[in-house]
Amino acid sequence: MADIDIDLVDDQDALTAASLNSRFSTLRTGILALPEYAVKDRGLGPDHLPSLVIGINASPGLTRRFDVTPPYTASPAAYPGWGVDADWAVVDDGSGGTTINSGPLQITFDTIQLGMSNASRIGAMMVFYNLSLPIPSNTDRFYFCLQYRDTGAAWRTIRNTEIVVNPGRMLNTINGTGATLDIPFNTILREDEIGEEFNGLRVAHTTATPAAQYRINKASFTIIPLHTAVQ
Amino acid sequence: MPSFTYPNTFSDTATSDADDVMENLYTPQTTTPNSLDIINGSLDAVNKASDDNLSRRKVQPFTFARPSMVGATANLDFLEDRWWQGVDLTSGDPDAQFLPIPGGSIQYYQPWDASIVLICWQISWGTDSGANTTNTPIKLFTSTTGSLNATRRQASHAVSGGVRYGKGTDMFYQGHYALLSETAGWKQASLRICSDAEQTRVRVRNMIVIPFR
């Protein structure tokens, strides 16, 4: 126990009701505000502390993936410019699925706000996605990014997650042979990236060439909301 | 729990009673504590100073996650005539013929039920086949769910000449897979390969498993 300072009763001290109440009050106040160093090193374990992963009532879950044969042909809209919210559409498998194993790379959840000082106490959200594109023979460029859904149901682009790929150029000797190109993306979102309340994340795409198409056969998308401090 | 309120407060005009003092010091309760007996196992987050975060030193290892990693640096050559002679990859992936890749296969212990298990890997591979009809898929297998759709396929190519490793035609795969609500115990995860090309050269960087409690 730390920082609970009780004045001992000395000879000739009057043991009054007020002094008794005061000592009990001092003990109670101390016990209700123990400093960090009152906890023994390695004193806390799985039986004492909750999971770092926060339950956020996500739909359809914290991960989403699809595996479609034959590959789905995607036709995204034209790239609207860096940081623009409009015209991006979610990466999809065309199945209309709503389960973890099918449907768009989109996860929605109860409204949260990043930052341990906010009510949802989510300090960071780890985000991973992988896209598998059968390598095409064209050389169209495609853009991908992460978007979040604000409380007005509008999808907002997280600017520093925008990437551009040219599937046909990256492996130029095996275009159209059936080999696949893996596009990986890993990041950690903090309140610096999303400062407002939001209730969804998705992987979105556009293209540099209007009417360009690409094929996609597998994809996965995972979010992990985490406490970043033990408070 | 567990703020607490003493059962007795003392006043100058009341007769002093040692039993009342004793009740404040120690009155065991099966529900909400009401005495200094609270320190006997009833403290929780309410009792911590509100402006203090707990440092890492206060927390036992593997309280929140128990990550493991394996890796390899050597080239790994897989020969079709030794392991997969006659394999037919055109009619689907024959899971039983997939071979675990050293450095891309891990066994790990998960001491508690996990809310999510994140599996990540980095690997590249290529074949020496000149035919344009061969396939070399790599798939993820786990002890919980068998083979998974985390598959990438390096098709061969019609480029003439000899060995093509490292000529920009290798397949690079930095993948992830998430398992939800995994029960405690020993687990396995492995990247496995099958090929109908003559020779496949694999370069694996690592496989990382992070079970989150």
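Is Thr206(A) buried or exposed? At 0% relative accessibility, Thr206(A) counts as buried, where buried means under 20% relative accessible area, exposed over 50% and partly exposed in between (1.4 Å probe, protein chains only). The model here is a predicted one, so local features need pLDDT of at least 70, side-chain atom pairs count only at pLDDT 80 or more, and totals for chains, interfaces and linings use all residues. Residues are numbered from 1 along each chain as its sequence is written, chains are lettered from A and ligands numbered from 1 in the order in which they are written, and side-chain values use heavy atoms, with hydrogens and water left out.

Back to Thr206(A), which is found in strand β9 (residues 198-207) of chain A; helices (H or I, at least four residues) and strands (E, at least two) are DSSP runs, numbered from the N terminus. Leaving aside neighbours within four places in sequence, Thr206(A) is in contact with a run of residues that includes Pro76(A), Tyr79(A), Asp87(A), Trp88(A), Phe142(A) and Tyr143(A). Contact means heavy atoms within 4.5 Å.

On to the nonpolar interior. A nonpolar core is a set of buried Ala, Val, Leu, Ile, Met, Phe, Trp, Tyr and Cys residues joined through side-chain atoms within 4.5 Å. The largest one has 57 residues, and Met125(A), Leu131(A), Leu201(A), Phe221(A) and Ile223(A) have the most contacts inside it. Ile223(A), with neighbours up to four places away in sequence set aside, touches Ile56(A), Leu62(A), Ile107(A), Phe109(A), Met125(A), Met126(A), Val127(A) and Leu201(A). A second, separate core has 33 residues, among them Phe98(B), Ile193(B), Val204(B) and Val209(B).

Chain B has two helices and nine strands, in the order α-β-β-α-β-β-β-β-β-β-β along the sequence. Of its 213 residues, 47% are buried. Among contacts in chain B with a separation of 6 or more, 79% are between residues 24 or more positions apart. Chain B exposes about 10300 Å², with 49% of that supplied by carbon and sulfur atoms; accessible areas come from the Shrake-Rupley method with a 1.4 Å probe, and for residues only the protein chains shown count as cover. On the surface, Met22(B), Leu25(B) and Tyr26(B) form a nonpolar patch with about 290 Å² of accessible area together. Patches are made of residues with over 30% relative accessible area and no salt bridge, with like charges joined within 9 Å and nonpolar side chains (Val, Leu, Ile, Met, Phe, Trp, Tyr) within 5 Å. Met22(B) sits in helix α1 (residues 18-25) of chain B and, at 43% relative accessibility, counts as partly exposed.

Next come the charged pairs. A salt bridge is a side-chain nitrogen of Lys or Arg within 4 Å of a carboxyl oxygen of Asp or Glu, and the whole structure has seven over all chains. Asp41(A) pairs with Arg57(B) at 3.1 Å, N to O, and this pair crosses between chains, from the loop between α1 and β1 of chain A to the loop between α1 and β1 (68-71) of chain B. Asp41(A) also meets Lys58(B) at 2.8 Å, N to O. Asp41(A), Arg57(B) and Lys58(B) are thus linked in a network of salt bridges. Burial varies here: Asp41(A) is partly exposed at 38%, Arg57(B) is partly exposed at 48%, and Lys58(B) is buried at 4% relative accessibility. Within chain A, Asp67(A) and Lys218(A) meet in a salt bridge of 2.9 Å, N to O. That pair links strand β1 to strand β10 (residues 214-226), 151 residues apart.

Asp182(A), in strand β8 (residues 180-189) of chain A, is buried at 7% relative accessibility. Its side chain makes a polar contact with the side chain of Asn130(A) at 3.0 Å, and a polar atom of that Asp182(A) side chain lies 3.1 Å from the backbone nitrogen of Gln174(B). A polar contact is a pair of N or O atoms within 3.5 Å; within protein, one must be able to donate a hydrogen and the other to accept it, and residues adjacent in sequence count only if both atoms are side-chain atoms.

Finally, the backbone. The peptide bond from Ser59(A) to Pro60(A) is cis, with omega near 5 degrees, and another cis bond joins Thr69(A) and Pro70(A), with omega about -5 degrees.
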